[in-house]
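Okay, thanks for coming, everyone. Let me put the model up and then talk through some cysteines and a helix pair.

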Amino acid sequence: MKTHTLFLLPILLIFSGANAAPTCSRANLTRCLDSVCAINVSSNPSARCQYCGTSGAGTPPKTGMRSVSVGASAKYNISDKELKSAPSDPGQRYAWAARQCIKKVSGCTADDVSETYDSLIEQSCRAAGVSAQLDQTLDKMAQSKSRTTCSTSIRACLISDKHCTANFRNCESDSDFDKFFSACGVETTGCDDYLSDIRSQLISDRDNAIKNADTILAQIVDTYKSARQKRLSQIKSGCTDNSTRDSCIETVCQNNMKNGCGAGYESERSMATQLCKFYEIACSTID
């Protein structure tokens, strides 16, 4: 059971009174706590658990006579009038009962309450069929999520860099996919009811991603191939009529020769021609 609901008192209880007597009558303390937590306990063994343990034990009956601590002195009981102020939540009611009873029974502290009464509540809860696994069950219920939320969380986990990655390149095999999907399913609690459907959807997404990646890669290869073929055709054409070499010569003349290979400066043009000789060599190697 949740420790904040059962067996664990709030810090507010640790005020037991510095001037209290050194000893605590735990019998009287039990009688006092029973007057709050054990109403109709003779006919309802689950009373202590229902009133001051956990709501998971069910709601206590609202009718019937009180039957607590037979023969006990009334001075240690919480009166009906006082009980009207008692919280209905079991955890809060237990804390409230402890505060009231520490005032009524001299010498008692919050530790006395816990040591005296926690075991009684635990026994009552066992009688109610409430096991220590209840907290886990309640946690799972609290963590229950919608299919959309689960799908979003698992997808984010699956396509992270440490798992499949965004393009699923680490999950091309079903075994790798299942390994990472299982890990993400464990990390994302409260989604057990949707795991099968989510897996089917993500498998489909993976297949499409891989297929599209192959298509895109093929398109890129074709684009580069087409560009190379176009460039090769241009080079061949330039070699056939020497336009590529002539363009090189004119560029060298304009950019590197002082007189731009003009009339009377045949030496500059000759030098430029030699510098562009490599085009002739290159053209000779092209089929």
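**Disulfides and one helix pair**

So, Cys150 and Cys191 form a disulfide, with 2.0 Å between their sulfur atoms; a disulfide here is a pair of cysteine sulfur atoms within 2.5 Å. Quick caveat: this is a predicted model, where local features need pLDDT of at least 70, side-chain atom pairs count only at pLDDT 80 or more, and totals for chains, interfaces and linings use all residues. Numbering runs from 1 along each chain as its sequence is written, and side-chain values use heavy atoms, leaving out hydrogens and water.

Back to that pair: the S-S torsion of Cys150 and Cys191 is about -85°, so the disulfide is left-handed. Cys150 sits in helix H7 (residues 147–158) and Cys191 in the loop between helix H8 (174–187) and helix H9 (195–240), so the bond ties together parts 41 residues apart in sequence. Helices, by the way, are DSSP runs (H or I, at least four residues), numbered from the N terminus. Both Cys150 and Cys191 are buried, meaning under 20% relative accessible area with a 1.4 Å probe, protein chains only.

Next, Cys157 and Cys184 form a disulfide too, sulfurs 2.1 Å apart. Cys157 is in helix H7 and Cys184 in helix H8, so this one links parts 27 residues apart in sequence. And how many disulfides does a search of the whole structure find? Nine.

Last, the helix pair. Leu29, Cys32, Leu33, Val36 and Cys37 in H1 meet H4 residues including Trp96 and Cys101, where contact means heavy atoms within 4.5 Å.

Notes:
Helices (H or I, at least four residues) and strands (E, at least two) are DSSP runs, numbered from the N terminus. Buried means under 20% relative accessible area, exposed over 50%, partly exposed in between (1.4 Å probe, protein chains only).
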